[in-house]
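Please examine the sequence and the structure shown below. The account that follows is best read with both in view.

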Amino acid sequence: MPVPDLSLVVLVGATGSGKSTFAARHFKPTEVLSSDFCRGLVSDDENDQSASGDAFDVLHFIAGKRLAAGRLTVVDATNVQSEARAQLVRLAREHDVLPVAIVLDVPEQVCAERNAARADRAGLPRRVIQRHQRELRRSLRHLEREGFRKVHLLRGQEEVAAARVVTERRFNDLRHLTGPFDIIGDIHGCRSELETLLGRLGYGLVRDALGRSVDAVHPEGRTAVFVGDLVDRGPDSPGVLRLVMGMVGAGHALCVPGNHENKLGRYLKGRKVQPTHGLAETIEQLDKQDEAFRAEVGAFIQGLVSHYVLDGGGLVVCHAGLPEKYHGRTSGRVRSFALYGDTTGETDEFGLPVRYPWAEDYRGRAAVVYGHTPTPRAGWLNNTICLDTGCVFGGAMTALRWPERELVDVPAERVWYEPAKPLATEAPGGADGRPLDLNDVAGRRIVETRHMGRLAVREENAAAALEVMSRFAIDPRLLPYLPPTMAPSATSTEEVGDEGGEGGYLEHPVEAFAGYRADGVREVVCEEKHMGSRAVVLVCRDETAAAERFGVPKGVSGALYTRTGRPFFDDPETTERILRRVRACVEEAGLWAELETDWLLLDAELMPWSLKATGLLRKQYAAVGAASGAAFPGVLGALEAAAARGVEVAPLLGRQRDRAADADAFTAAYRRYCWRVGAGADAAAGSGAGELDGIRLAPFQILAVQGRSLAALPHTEQLALIDRVIAAEGTVASRDGGPAGGGADRPGLLATTRRIVVDTEDEASVAAGIRWWLDLTGAGGEGMVVKPLQALVRRDDGRLVQPGVKCRGREYLRIIYGPEYTRPENLRRLRVRHLGHKRSLALREYALGLEALDRLADGEPLWRVHEAVFGVLALESEPVDPRL
């Protein structure tokens, strides 16, 4: 007995007919909903018939929840009354699943004996069984008319015992087929253009003895998928049908029906239809074919399934579009939507129905590929794409390569059919659709990530992130990624030693290397940490590429933004100057062609620090420096004068001299990362530099390119690619006839990231890494970031390893912890650092960032990318020690 894997199975039989035993033998316990059990839930007595109303309310509620979740559901009740069955058929229709009846017709005597053997049913009157049997007899002839799509009738104990339930896939469930696919939009009888498009896609045509195309084969085993509307309006509908039917019959293609095939199928069955919208032309063309071909066409159309779910559920192909709630479902309502879409009930000025823009509201994870509504060019909207580009109207025939998400089209050879209205509108939703919605990010959220499972975003954190993003962030279309916070290395207990003065270290490479060694990471790369502001650079090959991929207006070719999504410069022209330089260097280095991309997403540092930290410098750091500069000379002068008069102030004078030296070191520490930018402008006076002089950009990772996330590319390979871009700047600057961008002592806009590879299990290599860090910080550097060489690394238990830990220099940390933090008494207190929360936060933000990059590379809709991006910003609101 075949039963669809998503259906509502209704067991029908008198009490004692063995329904519960049958259900337990053939279905999972969780799939079976028993009326007796529900009666017990609401009354503590499974035989309390007065509780039946409430019991069935509970049963129907649970059944509805299971069907909504796409679960096979079996109802174990007598169901001999038509009213009881009608409620279940209605429930199946509400959830667009097939109702299936399994009837157990067992003799009255057998039912009576079974009830008598049960202690709780021993007193059941015989008339109850007899009534059930009479109602069952009356029902048998009407079950299919009631709406049951399958009826399995088992007569007698032997048939019941011998029966075997076989779960079968729904016709539309082809999730096991993973492609690759070439999905082809509406054809409308344009056979010649179809043959040309198949050739562009790499298919070889197979012709019969008369030279007619009867099949097409791809040498790499790709499968073509047709979205329907093969016929009408065009010059050769029979030729299109012959080719498509041959491909489907040979297993080289799949096809779903369009509304035009549906109408043609009714005509071929002899139904009365209006030969409008191009059907008359198709009828005339088919009349020239033999009867056998027309019969074959009728059978082909009759066998088409409304839509297909493919590639593990990640791809849905239909004719007119399909909301997520209908994916994989089976009902007349689903078929109607897949064929015709939904309309608002209005008509436009051309007398055509106004389509409901379902794609604007689509939030499903499966990509929906459809046709039906002619549009000048195909484009993604919320993970949906319409491939009907009006070939028959003189437009083009378009195909989508999946999973590459690459569009391929060929122009129409001519206008074959004048459209009722010009192709001047977009597909449903079009450019006017709203890509983001408050409900996508508001409230408590659970974000599914590929690398760390389900991550929660608390409601209060989401509210804080929404405040930042809605008021201060750049255009969300240009904000595909936010970098994660970075945890520091474990707290150090190292002392400075004789050569470095008194005190000790708060952070030191020893702990960084030991931490990675404990995680099983042998090779790490130590990268110079530039003292600037974290910057994400989205650079497109040109404005056209930016408009096509990111949907931004003319004049925008990318973005440069902070780690909270804010623009770095108030002046868009300064941003464009930097992007132009980066773009030219990428071109000179040959990366556009090598990486096969029209855009790059870079992680970088933008310097000087004063470029964006003006407020912090003035209100916090400069204030401390100014106060110490004003106070200590007077204090030291007074103490020195007192000492000259013989007053015993030597200990106090020594302490104040040390404090003054610490204050001077503090001022020198932050001044080291500030310099003038622009045409003589002072960086501290404003961030909107008009020229690039003094501005430095240090890219250290290519995060993603078109169709690929590069987050897992080993860091040495990343930096080698970036070195080529930096090396190209001299040529670019010379060709442009202007300065390289950084001033006399800073020769270019782009800065190299120095690095060293360390083997954490080799003492000599570790020692070399420590010396490198000491030299770097001794020369005024901020410190370094230690990263696993292989980038994306997991521990033996499967958990993610920190993508990087920062190991900051002793003098740089003076800015963070204060001028006198190195004093032993202060250092002892500061070494009590609680890093657990910071490390957890860094890993969660890292996983969300990876997810955003994967979704961006996969071409997923903006709301899906922003779900992860927004999660990173929301986690930044979690309370954590800001000094870490």
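The paragraphs below take up two helices, the aromatic contacts and two loop residues in turn.

The model is a predicted one. A suitable place to begin is helix H3, which comprises residues 52–68, 17 residues in total. Its span from the first C-alpha to the last is 24 Å, close to the 24 Å expected at 1.5 Å a residue. The buried residues of H3 are Ser52, Ala55, Leu59, His60, Ala63, Gly64, Arg66 and Leu67. Viewed down the axis of H3, these buried residues fall within an arc of 170°, and they therefore line one face of the helix. On the other side of H3, the residues Asp57, Phe61, Lys65 and Ala68 are exposed. The cover over the buried residues of H3 includes three strands, E2 (7–12), E3 (32–34) and E4 (73–76), together with helices H2 (35–43) and H4 (82–94). Just after H3, glycine 70 adopts a positive phi of about 80°.

Helix H18 may be read in a similar way. H18 consists of 18 residues, 572–589, and reaches 26 Å between its first and last C-alpha atoms, close to the 26 Å expected at 1.5 Å a residue. At its N-terminal end, H18 is capped by aspartate 571, with a side-chain oxygen 3.1 Å from the backbone nitrogen of glutamate 573. Among the buried residues of H18 are Ile578, Leu579, Val582 and Val586, and also the charged-type side chains Glu576, Arg581 and Arg583. Just after H18 comes glycine 590, which has a positive phi of about 80°.

The aromatic residues form another theme. The count of aromatic pairs comes to eight. In one of them, the ring centres of phenylalanine 550 and tryptophan 599 lie 5.5 Å apart and the planes stand at 75°, so the pair is edge-to-face. Phenylalanine 550 belongs to helix H17 (residues 543–550) and tryptophan 599 to strand E29 (residues 599–607), so this pair ties together parts that are 49 residues apart in sequence. Phenylalanine 550 counts as buried because its relative accessibility is 6%, and tryptophan 599 counts as buried at 2%. Phenylalanine 550 has a further partner, since arginine 549 lies over the face of its ring, 5.1 Å from the ring centre. Elsewhere, arginine 242 lies over the face of phenylalanine 293, at 4.5 Å from the ring centre. Ring pairs also link Trp358, Tyr362 and Tyr370 into a cluster.

Two loop residues complete the account. Arginine 541 is located in the loop between strand E27 (533–540) and H17. With a relative accessible area of 32%, arginine 541 is partly exposed. Leaving out residues up to four places away in sequence, arginine 541 touches Arg583, Glu587, Trp592, Thr597 and Asp598. Of these, Arg583 is one of the buried residues of H18. Arginine 541 and alanine 119 are 422 residues apart along the chain, and their C-alpha atoms are separated by 81 Å.

Leucine 140 occupies the loop between helix H6 (126–139) and helix H7 (143–146). Its relative accessibility of 21% makes leucine 140 partly exposed. Apart from neighbours within four places in sequence, leucine 140 is in contact with Val103, Asp105, Leu153 and Arg155. Between leucine 140 and alanine 163, 23 residues apart in sequence, the C-alpha to C-alpha distance is 19 Å.

Definitions and conventions
Residues are numbered from 1 along each chain as its sequence is written. This is a predicted model: local features need pLDDT of at least 70, side-chain atom pairs count only at pLDDT 80 or more; totals for chains, interfaces and linings use all residues. Side-chain values use heavy atoms; hydrogens and water are left out. Helices (H or I, at least four residues) and strands (E, at least two) are DSSP runs, numbered from the N terminus. The expected span of a helix is 1.5 Å times one less than its number of residues. Buried means under 20% relative accessible area, exposed over 50%, partly exposed in between (1.4 Å probe, protein chains only). The arc is that of the directions from the helix axis to the C-beta atoms. Contact means heavy atoms within 4.5 Å. Rings of Phe, Tyr and Trp (its six-membered ring) pair if their centres lie within 6.5 Å; planes under 30 degrees apart count as stacked, over 60 as edge-to-face and the rest as tilted. A charge sits over a ring if NZ of Lys or CZ of Arg is within 6 Å of the ring centre and within 35 degrees of the ring normal. A polar contact is a pair of N or O atoms within 3.5 Å; within protein, one must be able to donate a hydrogen and the other to accept it, and residues adjacent in sequence count only if both atoms are side-chain atoms.
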